[in-house]
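Visitor: Could you take me through one part of this protein up close? I'd like to hear about the aromatic rings and whatever sits around them.

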Amino acid sequence: MAAHVLSLGLDSQNNQENGNFPCESGMEKAYEKKYRELLPTLPIGKGWMTEHVVQYQGFWLMPDLSLKPLWWIHDEFKVQPTDIFLASAPKTGTTWLKALIFATINRTHYDFSTSTHPLLNSNPHECVPFLDTYPLQSQETFSGLDSLPSPRLLATHFPLSLLPESMVSSTSGCKFVYICRDPKDVLISNLFFFNKFRSEELGPLSLEEAFELFCQGVSHVGPYWDHVLEYWKWSLQNPEKILFLKYEELKKEPLVVVKRLAEFLGQPFSLEEERNGVVQEIIKLCSFRNLSNLEVNKTKTYKYTKDVVANNNLYFRKGETGDSNNHLSHEMMEHIDKIFQEKLSGSGLSFGA
């Protein structure tokens, strides 16, 4: 393995001059030193979005976008007992679940029928910010999170075992909602999404390359099977702490799942709300058809960091189950199914509705 600092398709010189974090604090410089010392020692894999990913404590991460924020979270983030965290691997239904959680928690604060509802004017990722990239985009680092109304709604793609004890402790009071999705659909959705960010120099990742990497467990915050299994096993041990959802179940029975979600979050729907169709209103507001056709999601952008900006329409490709049937060969699908059957064996977890 070559001992070198990885180039990740970003302007590395500009990052070094301006700092990956908004302030040149002693702590930031300490992270930079740790980063430069650790990076050459980590196993390297082929990246989906950037040239490389590195293996850190058993999971593959994009180092420029993950390592420093992860250390920052461990050292600086202050958990509040009312916090709600949406946890997921990329392209498993995160955008949809963000919208549903936000609409459910704030259903008495905003009128679904008026244009002032935040989900009609903002992308769901703005309503429920990613903790993972927050220190890369905020001018006040985590202090800005203190001003968010309670309960704070935050999201993470980080695996459970990489999160600080302050977040996952049974005494912290905060809650998690996790969503998983059929791995074949996750593969295809990741391929389409991350190829939009790859530089011309790197060129697009082919389906065959993505398939091989995914089956080897090499994807951002992968192996995907380990990401899912950690949260699944945790949900079995701590059902009052984490609600485990499946994308396919949410597609099949949104009314049932949204009511479960509200109950778990401590804000169950009243009989009056159910009679007045509030659950249906939330489902309609957060539907793929509605969100994908909003002006904000057709023409605006979401800024992960000062270097990584995504068009909002990238989060609304199809919103379907089974799209992998249109892209993967029968042999590819069988191979993925076999891998996951082996990896999930004995866990009690299976994919699908």
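Guide: Let's start with a rule: a charge sits over a ring if NZ of Lys or CZ of Arg is within 6 Å of the ring centre and within 35 degrees of the ring normal. Bear in mind that this is a predicted model. Lys91 passes that test, lying over the face of Phe193 at 4.2 Å from the ring centre. Lys68 does likewise with Tyr35, at 5.2 Å from the ring centre.

Now for rings against rings. The whole structure has 20 aromatic pairs. Take Phe214 and Tyr224: their ring centres are 6.2 Å apart and their planes meet at 35 degrees, so this pair is tilted. Phe214 belongs to helix 10 (residues 207-216) and Tyr224 to helix 11 (residues 224-237), so the pair ties together parts 10 residues apart in sequence. Phe214 is buried, at 3% relative accessibility, and Tyr224 is buried with 3% as well.

Both rings also turn up in the lining of the second largest cavity, alongside residues including Trp48, Pro90, Phe194 and His220. That cavity has a volume of about 70 Å³, and the structure holds two cavities of 30 Å³ or more. Helix 9 (residues 183-195) gives the most to this lining, with three residues. By type, the lining residues divide into eight nonpolar, four polar and no charged.

Elsewhere among the aromatics, ring pairs join Phe77, Phe85, Phe176, Tyr178, Tyr231, Trp232, Trp234 and Phe244 into a cluster.

Technical notes. Residues numbered from 1 in each chain as written. Predicted model: local features only at pLDDT ≥ 70, side-chain atom pairs only at ≥ 80, totals over all residues. Heavy atoms only, no water. 1 Å grid on protein atoms, 1.4 Å probe; cavity = no way out; pocket = protein on both sides within 12 Å on 5 of 7 lines; lining within 4 Å. Points joined across faces, edges and corners; volume = space filled by probe spheres on them. Helix = DSSP H or I, 4+ residues; strand = E, 2+ residues; numbered from the N terminus. Nonpolar A, V, L, I, M, F, W, Y, C, P; charged D, E, K, R; others polar. Phe/Tyr/Trp six-rings, centres within 6.5 Å; stacked < 30°, edge-to-face > 60°. Buried < 20%, exposed > 50% of the residue type's maximum accessible area, 1.4 Å probe, protein only.
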